[in-house]
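User: I'd like to go through this fold with you and ask where its labels come from. Could you take me through the reasoning behind each one?

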Amino acid sequence: MDFSSDFIMRIIAALVLGFLLGLERELTNKYAGLRTHILVCLGACIFTIISIYGFPTFVDGDNVIVPQATGIRDSGRVAAQIVSGIGFIGAGAVLRNGPMIIGLTTAATLWISAAIGMTCGVAMYDVAILTTILSVAVLTLIRIFERRILPTSIKRAKRFKVTVYCNECDIKGIQEFLSCAVDNMEEFSSKRLIENPEKAKVSSRFELNQKKVMNDIYNKLTELCSPDSVTLQELND
């Protein structure tokens with residue numbers, strides 16, 4: 001197989017489009033970012049090229065076995081394994097903590113990144129570019145649509161985690177406050193600090209329909225128990 005400019009163009013296209021798709025994940029601080037998406041897209045492109053050109057059929061020409069493109073081959077056998085193989089990488093991006101599952105969107109972008117790489121591998125640049133544009137648009141514009149346009153009543157509740165370091169005697173008050181303030185408290189735990197048994201670490205995971213309520217929760221916690229520290233974190237895909 002001659003390493004022609006056509007192959008170079010396919011590889012570069014996969015690299016650039018993988019970069020564009022991974023850039024959105026990187027900017028939103030997800031587990032799989034630029035490098036992961038670039039390598040997935042590039043790898044899928046290389047495997048597709050190998051699947052098509054790397055396994056030529058052989059014919060008997062004047063008692064000499066020579067490679068020849070007879071068209072009798074299964075060029076999709078390697079490419080088909082990309083579709084199933086990418087599932088292992090995608091599964092690594094999905095995290096579960098109790099009832100919460102995060103990372104599904106990132107796993108989906110890895111899946112579509114492999115599809116874009118395969119499309120570059122067969123030189124379908126128009127389809128690859130269009131798919132990349134639509135994928136980035138879905139990741140960015142749909143997020144804006146969900147946050148600004150959808151009414152609160154039908155928005156998906158956001159998940160949050162709060163961690164409080166406080167005196168042990170304040171634990172019950174924190175639990176009672178969060179039970180009333182949040183929409184759905186999925187987890188509440190507390191434990192004494194080994195270095196200071198009078199202090200405790202309290203953590204809770206819960207759902208809220210309105211993100212702006214987090215400021216009120218933070219202010220109320222600081223007033224309620226005068227904690228050593230309060231950490232609030234939004235749990236995103």
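Analyst: What follows is a set of short questions about a predicted model, each answered by setting a value against its cut-off.

User: Start with the overview. How many helices and strands are there, and how much of the chain is buried?

Analyst: The protein chain has seven helices and eight strands. Of its 237 residues, 33% count as buried, where buried means under 20% relative accessible area. As for contacts between residues at least 6 apart in sequence, 65% of them join residues at least 24 apart.

User: Now the helices. What makes α4 and α5 roughly antiparallel?

Analyst: Two packed helices are described by the angle between their axes and the distance between the axes. Helix α4 (residues 104-121) and helix α5 (residues 125-148) have axes that come within 8 Å and cross at roughly 165°. Angles over 145 degrees count as roughly antiparallel, so α4 and α5 get that label. The crossing of α4 past α5 is left-handed.

User: Which residues make that contact, and what classes do they belong to?

Analyst: On the α4 side you've got Thr105, Thr109, Ile112, Ile116, Thr119 and Cys120. From α5 come Tyr125, Val127, Ala128, Thr131, Thr132, Ser135 and Leu139. By class, the contact of α4 with α5 has seven nonpolar, six polar and no charged residues.

User: And why are α1 and α4 called roughly antiparallel?

Analyst: Helix α1 (residues 5-27) packs on α4 at an angle of about 165°, with the axes 9 Å apart. The cut-off is over 145 degrees, so α1 and α4 are roughly antiparallel to each other. Here the crossing, α1 past α4, is right-handed.

User: What meets what there, and which classes turn up?

Analyst: Arg10, Ala13, Ala14, Leu17, Leu21 and Arg25 in α1 meet a set of α4 residues, among them Thr105, Thr109, Ile112, Ile116 and Cys120. The contact of α1 with α4 has seven nonpolar, six polar and two charged residues.

User: Trp111 caught my eye. How do you know whether Trp111 is buried or exposed?

Analyst: Trp111 sits in helix α4. Exposed means over 50% relative accessible area, and Trp111 has 55%, so it counts as exposed. Its C-alpha atom is 9.7 Å from that of Ser84, which is 27 residues away along the chain.

User: What makes Ala123 worth a look?

Analyst: Most residues other than glycine have a negative phi. Ala123 isn't a glycine, yet its phi is positive, about 65°. Ala123 is in the loop between α4 and α5. With a relative accessible area of 26%, Ala123 is partly exposed, falling between the 20% and 50% cut-offs.

User: Over to the strands. Why is the pair Phe160 and Phe206 called stacked?

Analyst: Rings pair if their centres lie within 6.5 Å, and planes under 30 degrees apart count as stacked. The ring centres of Phe160 and Phe206 are 6.3 Å apart and the planes are at 25°, so the pair is stacked. The count by this rule is one aromatic pair. Phe160 is in strand β5 (residues 158-167) and Phe206 in strand β7 (residues 196-208), so the pair ties together parts that are 46 residues apart in sequence. Phe160 and Phe206 are both buried.

User: How do you know whether Thr163 is buried or exposed?

Analyst: Thr163 has 12% relative accessibility, and buried means under 20%, so Thr163 counts as buried. Thr163 also belongs to strand β5. Beyond its neighbours within four places in sequence, Thr163 is in contact with Lys201, Val202, Ser203, Ser229, Val230 and Thr231.

User: Lys201 is in that list. What is Lys201 called, buried, exposed or partly exposed?

Analyst: Lys201, in strand β7, has a relative accessible area of 27%, so it's partly exposed. Leaving out residues up to four places away in sequence, Lys201 touches Thr163, Val164, Tyr165, Ser189, Ser190, Lys191 and Leu193.

User: And what about Lys191, buried or exposed?

Analyst: Lys191 belongs to strand β6 (residues 184-193). Its relative accessibility is 53% and the cut-off for exposed is over 50%, so Lys191 counts as exposed. Lys191 and Val202 are 11 residues apart in sequence, with their C-alpha atoms 6.8 Å apart.

Technical notes
Residues are numbered from 1 along each chain as its sequence is written. This is a predicted model: local features need pLDDT of at least 70, side-chain atom pairs count only at pLDDT 80 or more; totals for chains, interfaces and linings use all residues. Side-chain values use heavy atoms; hydrogens and water are left out. Rings of Phe, Tyr and Trp (its six-membered ring) pair if their centres lie within 6.5 Å; planes under 30 degrees apart count as stacked, over 60 as edge-to-face and the rest as tilted. Helices (H or I, at least four residues) and strands (E, at least two) are DSSP runs, numbered from the N terminus. Buried means under 20% relative accessible area, exposed over 50%, partly exposed in between (1.4 Å probe, protein chains only). Axes are lines fitted to C-alpha atoms, for helices over the stretch in contact, and angles run from 0 to 180 degrees between N-to-C directions. Angles under 35 degrees count as roughly parallel, over 145 as roughly antiparallel, 65 to 115 as roughly perpendicular and the rest as oblique. A crossing is left-handed if the near helix is turned anticlockwise from the far one by less than a right angle, and right-handed if clockwise. Contact means heavy atoms within 4.5 Å. Ala, Val, Leu, Ile, Met, Phe, Trp, Tyr, Cys and Pro count as nonpolar, Asp, Glu, Lys and Arg as charged, and the others, Gly among them, as polar.
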